[in-house]
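Q: I would like to learn to read this model feature by feature. Please give the general idea each time, then the case at hand.

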Amino acid sequence: MHAFAIAIAALVLLPAPRCVRPGVQEAAAPCVRTGLTKELRQKYPKAPTALVLLKHVLAKDELWPDDEGVERKKERKRILEILEDPRLIIEYSAPLVPHQHLEGKKVVAGQTIDENTIRLSALAGKDLYKLAQTLLHELMHVQQLRHQGKPNGGPREWLSLSLWEKPAYDIEQDLPMAPFVMEWKDVECFPAEDPAIAL
Ligand SMILES: [Zn+2]
């Protein structure tokens, strides 16, 4: 009886393992292991497709600008690795800014909360391409947090903020559109060599 009580106490008191979060499912294991919350999947049923396509596009050097630069190429490869990491969870919260405050303000489509959490709002993107752009922007921030750290404010905050945002906007703008406007029904986790996605 005593042992039983201790066992129960241990179950109640021990913290739950980090990887278990109710409702979270991997986007498209084994290729994209990013966790998506239930709410996110309901709000953005195309998120797994966007992430799988993103992964394929990120892996193909020829789809990116010739003058991309060594650093950005490195960042792109790191984002690929992040998509294989189940610790990253994408959740949904709408809206990130209350509606009455949206007017005249920059629309918040997504937010990187920490190196393992991205939050999308109701404004993350109506179509697959826009959604992928928002995801890629935030994935760049996750990459920055994991490998470079967040710039700390201080007197030159405007500078550190622009240094922080520029790579995210740049990669978002460079994302090729063609793969995302094709008629995809259900993009499963397919091998990169699949001729059907020879983009
Ligand atoms: Zn940003």
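Q: In what pattern do helices and strands follow along the sequence?
A: Helices (DSSP H or I, at least four residues) and strands (E, at least two) are DSSP runs, numbered from the N terminus. Here the chain reads α-β-β-α-α-α-β-β-β-α-α-α. That gives seven helices and five strands. This is a predicted model: local features need pLDDT of at least 70, side-chain atom pairs count only at pLDDT 80 or more, and totals for chains, interfaces and linings use all residues. Residues are numbered from 1 along each chain as its sequence is written, and side-chain values use heavy atoms, with hydrogens and water left out.

Q: How much of the chain is buried?
A: Buried means under 20% relative accessible area, exposed over 50%, and partly exposed in between (1.4 Å probe, protein chains only). Of the 199 residues in the chain, 40% are buried.

Q: What share of the contacts joins residues at least 24 apart?
A: A contact means heavy atoms within 4.5 Å. Take the contacts between residues at least 6 apart in sequence: 67% of them join residues at least 24 apart.

Q: Which protein atoms are the donors of the zinc ion?
A: Donors are N, O and S atoms within 2.8 Å of the metal (3.2 Å for Na, K and Ca); water is not among the atoms, so sites may look incomplete. The zinc ion has NE2 of His137, NE2 of His141 and two OE atoms of Glu165 as protein donors, at 2.1 to 2.6 Å. Their spacing in sequence is H-x3-H-x23-E.

Q: What geometry does the site of the zinc ion have?
A: Four donors count as tetrahedral if all angles lie between 85 and 135 degrees. Four count as square planar, and six as octahedral, if opposite donors are over 155 degrees apart and all others between 65 and 115; anything else is irregular. The angles among the four donor atoms of the zinc ion run from 54 to 148 degrees, and the site is irregular.

Q: Where do His137 and His141 lie?
A: Both are in helix H5 (residues 128-147), four residues apart, about one turn of the helix. Why is His137 called buried? Because its relative accessibility is 6%. His141 is buried as well, at 3%.

Q: At what angle do H5 and H6 cross?
A: Axes are lines fitted to C-alpha atoms, for helices over the stretch in contact, and angles run from 0 to 180 degrees between N-to-C directions. The axes of H5 and helix H6 (residues 157-174) cross at roughly 145 degrees and come within 8 Å. A crossing is left-handed if the near helix is turned anticlockwise from the far one by less than a right angle, and right-handed if clockwise. The crossing of H5 and H6 is right-handed.

Q: Which residues meet between H5 and H6?
A: From H5 they include Gln133, His137 and His141; from H6 they include Glu165, Glu172 and Gln173. Gln133 is buried, at 12% relative accessible area. Not counting residues up to four places away in sequence, Gln133 touches Glu172, Gln173 and Leu175.

Q: Where is the cis peptide bond?
A: The cis bond joins Ala29 and Pro30, with omega about 5 degrees. Pro30 sits in the loop between strand S1 (25-28) and strand S2 (32-36).

Q: Is Gln25 in strand S1 buried or partly exposed?
A: Gln25 belongs to strand S1 and is partly exposed, at 47% relative accessibility. Gln25 and Leu36 are 11 residues apart along the chain, yet their C-alpha atoms are separated by 5.4 Å.
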